[in-house]
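Welcome, and thanks for taking a look at this one. Below is a short briefing, grouped by topic, to read alongside the model.

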Amino acid sequence: MVKCTFCGEMIKEGTGKMFVQKDAKILYFCNGKCEKNMLKLKRKPYNVRWSGRYKKK
Ligand SMILES: [Zn+2]
């Protein structure tokens, strides 16, 4: 089991997406929403309210 790189949710085997960056760092996403926010919108997980990694100030 791996955790979603963006929201921190556990990803069951056979679900979610794996993405390998140019620097060979592997990212895991539980769904397309997390993938889009991380890769396309370039949001930081701790700035996104619905993410499990969100940090309150
Ligand atoms: Zn996620």
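A residue counts as buried under 20% relative accessible area, as exposed over 50%, and as partly exposed in between. Trp50, with a relative accessible area of 37%, is therefore partly exposed. Please keep in mind that this is a predicted model.

**The zinc site**
- Four cysteine sulfurs hold the zinc ion: the SG atoms of Cys4, Cys7, Cys30 and Cys34 coordinate it at 2.2 to 2.3 Å.
- The angles subtended by the 4 donor atoms run from 104 to 115°, so the arrangement is tetrahedral.
- For reference, the ideal angle for four tetrahedral donors is 109.5 degrees.
- Along the sequence, the donor residues follow the spacing C-x2-C-x22-C-x3-C.
- Cys7 and Cys34 link distant parts of the chain, 27 residues apart: Cys7 lies in the loop between β1 (2-3) and β2 (10-11), while Cys34 belongs to helix α1 (residues 32-40).
- Both Cys7 and Cys34 are buried.

**The aromatic pair**
- The model has 1 aromatic pair.
- Phe6 and Trp50 form this pair, with 5.4 Å from centre to centre and 45° between the planes, a tilted geometry.
- Here too distant parts of the chain are linked: Phe6 sits in the loop between β1 and β2, and Trp50 in the segment after α1, 44 residues apart.
- Phe6 has a relative accessible area of 0%, so it is buried, whereas Trp50 is partly exposed at 37%.

**Ser51**
- Ser51 is located in the segment after α1.
- With a relative accessible area of 5%, Ser51 falls under the 20% cut-off and is therefore buried.
- Beyond its neighbours within four places in sequence, Ser51 contacts Phe6, Cys7 and Pro45; of these, Phe6 belongs to the aromatic pair and Cys7 to the zinc site.

**The β3–β4 hairpin**
- Strands β3 (residues 17-20) and β4 (residues 26-29) pair in the antiparallel sense over 4 bridges.
- Across this pairing, Met18 stands opposite Tyr28 in β4.
- The hairpin has 5 residues between its strands, and Ala24 in the turn takes a positive phi of about 70°.

**Helix α1**
- At the start of α1, a side-chain oxygen of Asn31 comes within 3.1 Å of the backbone nitrogen of Lys33.
- Buried residues in α1 are Cys34, Glu35 and Asn37.
- Their cover includes β3 and β4.
- Just after the helix, Lys42 has a positive phi of about 55°.

Note on methods
Residues numbered from 1 in each chain as written. Predicted model: local features only at pLDDT ≥ 70, side-chain atom pairs only at ≥ 80, totals over all residues. Heavy atoms only, no water. Donors = N, O, S within 2.8 Å, 3.2 Å for Na, K, Ca; no water. Tetrahedral: all angles 85-135°; square planar, octahedral: opposite > 155°, others 65-115°. Helix = DSSP H or I, 4+ residues; strand = E, 2+ residues; numbered from the N terminus. Buried < 20%, exposed > 50% of the residue type's maximum accessible area, 1.4 Å probe, protein only. Pairing = 2+ DSSP bridges. Contact = heavy atoms within 4.5 Å. Polar contact = N/O pair within 3.5 Å; in protein donor to acceptor, adjacent residues only side chain to side chain. Phe/Tyr/Trp six-rings, centres within 6.5 Å; stacked < 30°, edge-to-face > 60°.
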